[in-house]
Each structure stands twice: as structure tokens, then as C-alpha cells.
Amino acid sequence: MSAIWKEPHKRYNPLRGSWVLCSPHRTQRPWQGQQESASGEKRPAYDPQCYLCPGNTRSQGQQNPQYPETFVFVNDFSAVKPLESMGAAAQGEATASSSELMRAERVSGKCVVICFNPRHDLTLAQMSQAEIVRVVEVWKDVYRDAVANPEVKYCQIFENKGAAMGCSNPHPHGQAWMTSVVPEEPAVEHECMTKYHAQHGRGMLEDYVAQELAAHETGDDSQDRVVELNASFVAVVPFWATWPFEIMVISRRKVGSVADLTAQESQDFAEILGRVALRYDNLFETSFPYSMGLHQAFAEHSESSVEHLHVHFYPPLLRSATVKKFLVGFEMLGMPQRDLTPETAASTLRKVNIDKHYTEK
């Protein structure tokens, strides 16, 4: 372990070309700030008031089928919509500008909701591996549909879990927004990975996985950021993590998208996603909130040699089920900052007992 890691220092994020301030000495500060309510709610397997449960009527009158597994439908309140559904004036006008400083561009596309399971009370942490595999297969289908649509340039698959992350419905579900523009986060990552590949002739995340596995194999807890590992994927607290218990799941074989996974890799992907979610829940014995999303090849060049499938988990909890990490002050105005080192976070997560979900104890 580098001596500098014990003192205030900054860590470089090669995926974004940015830095995060790490202040490990601040973990001892007393906390008298905001505390969230712990999630101890017991949900039923079926909720007649839930607009995502099988057979129920959604807010705009559409009725869900009695779906037996993962169910996908067009979002009733889509953030973007197909170009053909826009007014004639908007279809003919792609950009608008009153000056160099005031510009606007049209964005079109499609948004879908992906109900992971018909049961209202099952999250990824509680679903079986076979049930999560079904979710992965649906992600593949959604991505392939996006690639086949000439209007779509990027397909962002994600899940917001928990009220703390703005989730409006507790039924286990995610979304996919397929847009005519490439969003900023994957665009920045693509640019950084492209530059790295040009300089080194290798993939950035290929090299990163190799270095994380090498640190893991030393057996030195102070350098180990690996949380979960199987034949196809590795889950790590990134060296440059911003959120206290942030995790990145990366394919060990360089694949551009979820659609490129073999049957066995899909099984391994489902396994590691479920185990990460279970570690989160059991850490503070609460339904752990997070935003999770896949970053993969752009639809317009899905065969790119630069892209490398990975998943970001951004959870806000810091010290317990009730203490949330906020990005404020210096972090909003200066640069991201964290107190808990990624190595300590990874060690804490590795020690979590995942023989059962905390609700079964």
C-alpha cells in the first residue's frame, strides 16, 4: 500500500480523464447531519395499487398482461419520443440557435420500462440466477432493437433502486432510453478509451482488469479492490471511485455489448450482478439504494474494437442504512471527494455474509 494513500490525495479516473479527492482521515468525523429512514418495508408479492404488477392498469389506462417473467413496454411518460411522432415543424428543424451561447438540438428516440419479475417484492438481490439471466436476455433484445433502429445512436440501460435514488415505484424494474444522440457520460468514456487504445494498442479496461486481478492475487487486503469474481466477470470498487461503496462490474473477455455475451457469460453476468446486489443489501441490512447502468458500444458502431462492456453501481449510503452521501459544497463546485478509501470499501463488502438475504435471517 502506498504511503500516500493514508493521507489526503487525489486519484485519476482514466475513464473520464478527471480526478477525485480522497481524504481517509475524515472517516472519524462525528455525524450530526441528515439521516435517511431505513428501508424496512415488507412488500407483498402482488400489490393491486402498483401500476407495474401483472394484470394491473397503468396511469394512462393501459392494462398489463398477466406476464409470468420479465415484461417490457414503452414508457407511458417517455423522456424522448420517435421522430415520426413529433410535429412536422420539429421533424424539419434539427437545430435551433439564437446565438453561439444559446443553442438547442432536437433529440428523438424511444424509452422502455423493463419489469424484472412479476413479483412485486423481489429485487435483483432476491431473484434467482435463472430469473436474472432472463433479465440479461431481455437487455440483449433491447440493445439489438436499438442497434437495428437507424434513428438510435445510443442505448442506455439502467436501474434506479430505492426512493433515495428517485425511484417512483418499488416494483423491481429498470429502463432503457434509446436516443438519437450519444449521452455525455458514455461519450466521455469512449473518447478516453479511444485515446488509450491509440497510445497503447490495447483496451483500457483490459489492462485495468489485469492490474486489479494482479493486486487481488497478492492477498494484500490493503491493495485489493476486488469484491466478486467469476470466470467471465470481475466486480471491483474502482481505484478512482467517488461513491463510498461504488462498484464497477467488468467483463473479463473484451466484449463490446451485452449482446456479445455467450450463454455461459450471460449466466456468469447474472450471477455476479445478483451477488453484488446481495452484498449491498446485507451490508447495512436494508434494501440498498443505487443507480446502476450498463455502458457499452454505441448503436452506430456496435462492432467497435474500443468499447468494453461494464456496469456502474452508484449507491449513496455511507456509514449505515440511514446515513446518505451527498455531493455538495466542494464536491459540486470543485471536484468529487470521498472519505472511505476504495480499498477499505472493498474489504468491507468482501466480509459481508451472503449465505442468505438479510430478510431471511
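This passage describes selected helices, loop residues and cysteines of a predicted model.

Helix α2 covers residues 129-148. At 1.5 Å a residue, its 20 residues should span 28 Å, and the end C-alpha atoms are 29 Å apart, which agrees with that expectation. Several residues of α2 are buried, namely Ile132, Val133, Val135, Val136, Val138, Trp139, Lys140, Val142, Tyr143 and Ala146. The packing partners of these buried residues are the strands β3 (71-74), β6 (109-115), β7, β8 (173-179) and β12, together with helix α5.

The loop between α2 and β7 contains Glu151. With a relative accessibility of 24%, Glu151 counts as partly exposed, because the partly exposed class lies between the buried limit of 20% and the exposed limit of 50%. In sequence, Glu151 and Pro82 are 69 residues apart, while their C-alpha atoms are 8.2 Å apart in space. Pro82 is also one of the residues that Glu151 touches; leaving aside residues up to four places away in sequence, the full set is Lys81, Pro82, Leu83, Ser108, Gly109, Thr179 and Ser180. A polar contact is found with Leu83, whose backbone nitrogen is reached by the side chain of Glu151 at 2.9 Å.

Helix α3 comprises residues 184-200, 17 residues in total. From its first C-alpha to its last, α3 reaches 24 Å, close to the 24 Å expected at 1.5 Å a residue. Its buried residues are Pro186, Val188, Glu189, His190, Cys192, Met193 and Tyr196. The elements that cover them include β7 (154-161), α4 (204-217), β12 and β13. Just after α3, Gly201 has a positive phi of about 75 degrees.

The packing of α3 with α4 was examined further. The axes of the two helices are 8 Å apart, and the angle between α3 and α4 is about 80 degrees. The two helices are therefore roughly perpendicular to each other. On the α3 side, the contact is made by Cys192, Met193 and Tyr196, and on the α4 side by Met204, Leu205 and Asp207. The three contributing residues of α3 are listed among its buried residues.

A second helix pair consists of α5 (residues 263-284) and α7 (residues 342-350). Their axes come within 9 Å and cross at roughly 90 degrees. This pair, α5 and α7, is therefore also described as roughly perpendicular. Residues Arg279, Tyr280 and Leu283 of α5 meet Thr348, Leu349 and Arg350 of α7.

Glu285 is placed in the loop between α5 and β12. The phi of Glu285 is near 50 degrees, a positive value in a residue other than glycine. Glu285 is partly exposed, with a relative accessible area of 47%.

His308 occupies the loop that joins β12 (290-295) to β13 (310-314). Its relative accessible area is 2%, so His308 is buried. The side chain of His308 reaches the backbone oxygen of Ser251 at 2.7 Å. Not counting residues up to four places away in sequence, the contacts of His308 are Leu205, Glu206, Ile250, Ser251, Arg253, Lys254, Val255 and His295. Leu205, named here as a neighbour of His308, also takes part in the contact of α4 with α3.

Met102 lies in strand β5, which runs over residues 102-105. With 58% relative accessibility, Met102 counts as exposed. Beyond residues up to four places away in sequence, Met102 touches Ala96 and Ser97.

The cysteines were then considered. A disulfide is a covalent bond between the sulfur atoms of two cysteines. To be counted as a disulfide, two cysteine sulfur atoms must be within 2.5 Å, and by this rule the count is zero. The closest cysteine sulfur to that of Cys50 belongs to Cys53, and because the two are 3.8 Å apart, they are too far from each other for a bond. Cys155 is likewise in no disulfide, and the nearest cysteine sulfur, in Cys111, is 10 Å away. Both residues are away from the surface by the accessibility criterion: Cys50 is buried, with a relative accessible area of 3%, and Cys155 counts as buried at 1%.

Terms used
Residues are numbered from 1 along each chain as its sequence is written. This is a predicted model: local features need pLDDT of at least 70, side-chain atom pairs count only at pLDDT 80 or more; totals for chains, interfaces and linings use all residues. Side-chain values use heavy atoms; hydrogens and water are left out. Helices (H or I, at least four residues) and strands (E, at least two) are DSSP runs, numbered from the N terminus. Buried means under 20% relative accessible area, exposed over 50%, partly exposed in between (1.4 Å probe, protein chains only). A polar contact is a pair of N or O atoms within 3.5 Å; within protein, one must be able to donate a hydrogen and the other to accept it, and residues adjacent in sequence count only if both atoms are side-chain atoms. Contact means heavy atoms within 4.5 Å. The expected span of a helix is 1.5 Å times one less than its number of residues. Axes are lines fitted to C-alpha atoms, for helices over the stretch in contact, and angles run from 0 to 180 degrees between N-to-C directions. Angles under 35 degrees count as roughly parallel, over 145 as roughly antiparallel, 65 to 115 as roughly perpendicular and the rest as oblique.
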